[in-house]
Amino acid sequence: MQRVDERAWPSYDHVDPHVTGAEFHRALGELAAQSWLVRGSMGFAVLDREAGNAILRDRRFAFPALELLELQGVTEGPIWDRNADGLMVQTGEDHARLRRQLAPAFTPRAAERLRPQLRALVEELWAPVQDAGRCELVSTLAEPLPSQAIAALLDVPGDAPLLARWSVLLQEVFKFRLHEVGPQVEQAYAEVRAYVGDLLARRREAPGEDLVSVLAAGEAITDDEAATLVSSVISGGTDTTTAQIAHGMRLFAEHPDQWRALREDPSLVDRAVQEVLRFEPITLFTARIATEDVELRDVLFPAGTVVFVCAATANRDPEAFEEPERFDITKERGSAVPLTFGMGAHYCVGAYLARAELAETFRHLAPLTPDLRLDGEPVLGPTTGIYAVESLPLSW
Ligand code: HEM
């Protein structure tokens, strides 16, 4: 069997990370039509939905967080330790045990319980701009909402700015800037540890229904483990949701017929969320590393091979989705699941909460902004890492 690195594959290095939006999808779509696997300088990328699914479900492939740290020259110390203990790096039974601790706080019912608070938060963020008829959506709503939602999840309503600051610092691990901001990141981990320790003590005394009360009531869990889980939630639940809300609102501003359809039939909101997640996934590439030799489709992936699973192409696979290049919230899309929240053991724990935040945003804004449109060019972030929207001027 041929090794993956010994075969000729199309290169995706010419897909410039600053080429975004429809042009990015076009370039990747062309590559996906040629080959299920392509080669780039950072690793191989799997463009095919079925192969991507198989890799994400395969326990022999792990999330390469520690390898990313090594590439940045970090091999020990608090940042290394916190990541080595983190949810994304755990595998097998260790991972399953930590997921069980979180699970009760992230059920559909738990997300429903937060709905009234999410609704009130969206209303509060939107009220100051409604009469102006225009706003920059990221700073107005997409950025503040997710940290406020996590504050609601932790039942610490006043602390959203603190959580937002930590989320930015914890995300630095993936941004290759640790040589500059390493000490601040270490400080953030220490602060989260102290904060969660304090919350645990309070919740053990007077439990509620919040995430830390759930952790305190679960199987034996150490304060360190609880702090690591809360760090994973803060880091995983903020930038991601900000980017997805902003891309969603951009899509609606660009597709007035779809916004009208939602306004005329608010019961389409869950389908609208699903279509936004499918059409513009903000986690374009999910990284994996082979922990042992793996054979897939007559190709050998030797241990240590880095592979990126591409949600952008998987979510537009014509075998799974009819007319995949069309953004259409009214279309019955069947049971195929987009890869936006990943797949398998590490499937996004916050998926129901994220969906609720998206739904409450679209539900509130659709009737208030009937003639929504772009009020200038949106500024989209690079397609590596979380695919952000840096600025989204809207008017209505
Ligand atoms: C639209 C918003 C979101 C998107 C697109 C998203 C996407 C993802 C993806 C793709 C993964 C899997 C990564 C992998 O397998 O390598 C993941 C995992 C995770 N997400 Fe999300 N996420 C979102 C929102 C949230 C929210 C709101 C939270 C929590 C409040 C959250 C917490 C997490 C955590 C803790 C993990 C790690 C799960 C594990 O390792 O078992 N995410 N997310």
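This report covers the ligand surroundings and one pocket of a predicted model.

Residues are numbered from 1 along each chain as its sequence is written. In this predicted model, local features need pLDDT of at least 70 and side-chain atom pairs count only at pLDDT 80 or more, while totals for chains, interfaces and linings use all residues; side-chain values use heavy atoms, without hydrogens and water.

**Around the ligand**

The ligand has 27 residues around it. Each has a heavy atom within 4 Å of the ligand. His 95, Arg 99, Arg 288, His 346 and Cys 348 come nearest. The table lists polar contacts (pairs of N or O atoms within 3.5 Å).

| Residue (polar side-chain atom) | Distance to a ligand oxygen atom |
|---|---|
| His 95 | 2.7 Å |
| Arg 288 | 2.6 Å |
| His 346 | 2.6 Å |

By class, the shell holds twelve nonpolar, 13 polar and two charged residues. Asp, Glu, Lys and Arg count as charged; Ala, Val, Leu, Ile, Met, Phe, Trp, Tyr, Cys and Pro as nonpolar; the others, Gly among them, as polar.

**The second largest pocket**

A pocket is an open set of points on a 1 Å grid over the protein atoms alone, where a 1.4 Å probe fits, with protein on both sides within 12 Å along at least five of seven lines. The second largest one has a volume of about 250 Å³, counted as the space filled by probe spheres set on the points. Its lining has 16 residues, each with an atom within 4 Å of a point. Ala 32, Thr 313, Arg 316, Asp 317 and Pro 318 lie nearest the centre. Seven lining residues are nonpolar, four polar and five charged.

How values were computed. A polar contact is a pair of N or O atoms within 3.5 Å; within protein, one must be able to donate a hydrogen and the other to accept it, and residues adjacent in sequence count only if both atoms are side-chain atoms.
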